[in-house]
Structures are given as C-alpha cells and as structure tokens.
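Visitor: I would like to go through the aromatic contacts and the enclosed spaces of this model, with the criteria stated as we go.

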Amino acid sequence: MDIIIKKYEAKEEKQLKSLVQVCFEDEVLLEIIKSTQLISAYSAIFEDKLVGIICAWKSKFHPFCTYFRILINPIYNSLNIEKHLLSKLENLKIKNLPLQTSVWETSNKLVKFYINNGFRQIRRTYSPILKVSDVADYLPNIQGNYQILTLTEVLPNIILTNQLIQLVRRIYIKTHVANPVANFDEEKWRKMIFADDTVYNGSYIYLDTNENSIVAYAFLHESDKIDSLELGWCGAIDTKYIQLISDLIHNQVNYALNHNIQFIIGEFDTTDDYAMEVLTNFPFAPSPTWITLQKDVT
C-alpha cells in the first residue's frame, strides 16, 4: 500500500496526540495546529493510520522565518516519509523566508535527512536538571566590589529597571542573530521579562560599587514540575563579567534550598555565552540535545 500525503484534518487529532507522544514532541504543537499561527499541515497516511505529519507556522516573536516540524512514527522510518512531507512544504515557497525546525539529536535519521537537504545547524539547546543538594555545600563567592539585590528590590528603582530591560533585550537579540526577534517596543519587553511566573525574590542582579549600574543578572521562574524551579535569562554588561553569573546562580540554589525545592531546570543555547557558562560550572545531569536547523529559501 502506498503512502498517502494529504491535508491534515481535525478528525485526526486523536492520532496526532499519540504521534506527538511517541515522538517526544512538545504538546504545544497540538495548540499551534488549531491556531491562526498555522500556515499549513499535511498528514502522511499508511494503511489508514496517521504515521507522520508536517506543520508550518508563523511566530509573532520571531517573524523572520517559517517554523515547521516533521513528526514520523519511528516504527515507519524505513518508508522515508519525511521526503514527501518536506516536498509539500517547500513547494509552498512561503514569502521566501528561511525554513526552521528543531529535532532531538537522538532522531539521527531525521537530522541526517535535513543536513542532506541543505539545512544547516544554527544552534543546540540543552535542557538538563540540577539537583539542588549537589550544590548545597558550595556558597556563593560574593564579589567585594559589587552588591547583589533581588529583582523585588530593584524594581522600585525606575532607572535600574530600565537598564535591566535594555540589557536583557540587547543580549537576547545578540544571541538570536540567525533567527531575529521582532522589533518590539520597551513595554512589550517589560511584559516578557517580568512575566507572571517570574520568581522575584529568587531572581538576582549584581550592581556596581556605586549601586547605580547593573553588571549582571539571572532570572528564576516557577515550573510546572513539582519540587522544581526553572532558570531564566542571564547575562552581563560584558563578557569580562561572565564569572559573576555563577555567583547569582549559587544564590538561586540557596533560594531553592530555603523553599524546599529539589531541582532547578535549565535551558542553554550554544549561541548564548552567558548561558553556556552556567552549564559549564554546575553539575547538571546529562540530557538529550535539541538541534535547531535552518535552510534559506530562494
């Protein structure tokens, strides 16, 4: 029986949920496929079963590429379904924007397929877990020339708050050159930075000697996982201050200990020197890598 490639239909949602699970894909994809962000979606049907899908969508945050994802049930990998699905997307020629996707490094066949079809790797992302008790005996090395404040203490100071917003924005833009962020105003950045899940008393900022300038910062966020918190954006005014970030993370470890938190979850892009500094200097457990690839469309 041949593989049938056709437009995705809502009646296939139950099978799609199973496909998302077996491919260890983020369930956010289930929401995207029903949203106005969706550009197109095609199903691969074999013997009346949904064995693969490709969906493409647009992002308001990163509007300068076309996001897409191919999911193939590993049991059917020998059928080379991915080439039929990618062909459907490439034939759409959406606005001549680069195509961008991400895949677990363990999906070796799919990674090779993308590379062989003109995609290039633009970054790797690690999402490991730090067991708080493994770092409990190591105290932060507070630098004598600086002062550490919580985000709660910084926010009443309008000048420092605006400095923080500009610094976070500048570093984020710098670390996403291959996939630029939209040109948002300061108020939009303020809302993204000071999100509802931000742990204000567990997010720390280093100030200079005169306490009128931000030198480094590290954010902490609530997590959906029990007994866990998540690291957020971190950075410094210059890479020569990069070692200060580890001090801030140690303070976050202490915060976690004092609030009976057992784990801290990280997310580290290889394009972000500050985040990679944290990954290097703390005993995070090994984890699979999320590979992001991109291809120019002519």
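Visitor: Over the ring of which residue does the charged end of Lys188 sit?

Guide: This is a predicted model, in which local features need pLDDT of at least 70 and side-chain atom pairs count only at pLDDT 80 or more, while totals for chains, interfaces and linings use all residues. Residues are numbered from 1 along each chain as its sequence is written, and side-chain values use heavy atoms, with hydrogens and water left out. A charge sits over a ring if NZ of Lys or CZ of Arg is within 6 Å of the ring centre and within 35 degrees of the ring normal. The charged end of Lys188 lies 5.5 Å from the centre of the ring it sits over, that of Phe184.

Visitor: Which residues form one aromatic cluster with Phe184?

Guide: Rings of Phe, Tyr and Trp (its six-membered ring) pair if their centres lie within 6.5 Å, and planes under 30 degrees apart count as stacked, over 60 as edge-to-face and the rest as tilted. By this rule the count comes to 17 aromatic pairs. The cluster that holds Phe184 also contains Phe61, Tyr172, Trp189 and Trp233.

Visitor: Why is the pair of Phe68 and Tyr114 edge-to-face, and how many residues apart in sequence are the parts that it ties together?

Guide: The ring centres of Phe68 and Tyr114 are 5.9 Å apart and the planes stand at 75°, so the pair is edge-to-face. Both Phe68 and Tyr114 are buried (under 20% relative accessible area, with a 1.4 Å probe and protein chains only). Phe68 lies in strand S4 and Tyr114 in helix H4 (helices, H or I, of at least four residues and strands, E, of at least two are DSSP runs numbered from the N terminus), so the parts tied together are 46 residues apart in sequence.

Visitor: What is the volume of the largest cavity?

Guide: On a 1 Å grid over the protein atoms alone, a cavity is a set of points where a 1.4 Å probe fits but cannot get out, and lining residues have an atom within 4 Å of a point. Strand S2 (38-46), strand S3 (49-57) and helix H3 (81-90) each supply at least two residues of the lining of the largest cavity, which includes Tyr42, Ile54 and Lys88. Grid points are joined across faces, edges and corners, and a volume is the space filled by probe spheres set on the points. For the largest cavity, that volume is about 40 Å³.

How values were computed
On a 1 Å grid over the protein atoms alone, a cavity is a set of points where a 1.4 Å probe fits but cannot get out, and a pocket is an open set with protein on both sides within 12 Å along at least five of seven lines; lining residues have an atom within 4 Å of a point. Buried means under 20% relative accessible area, exposed over 50%, partly exposed in between (1.4 Å probe, protein chains only).
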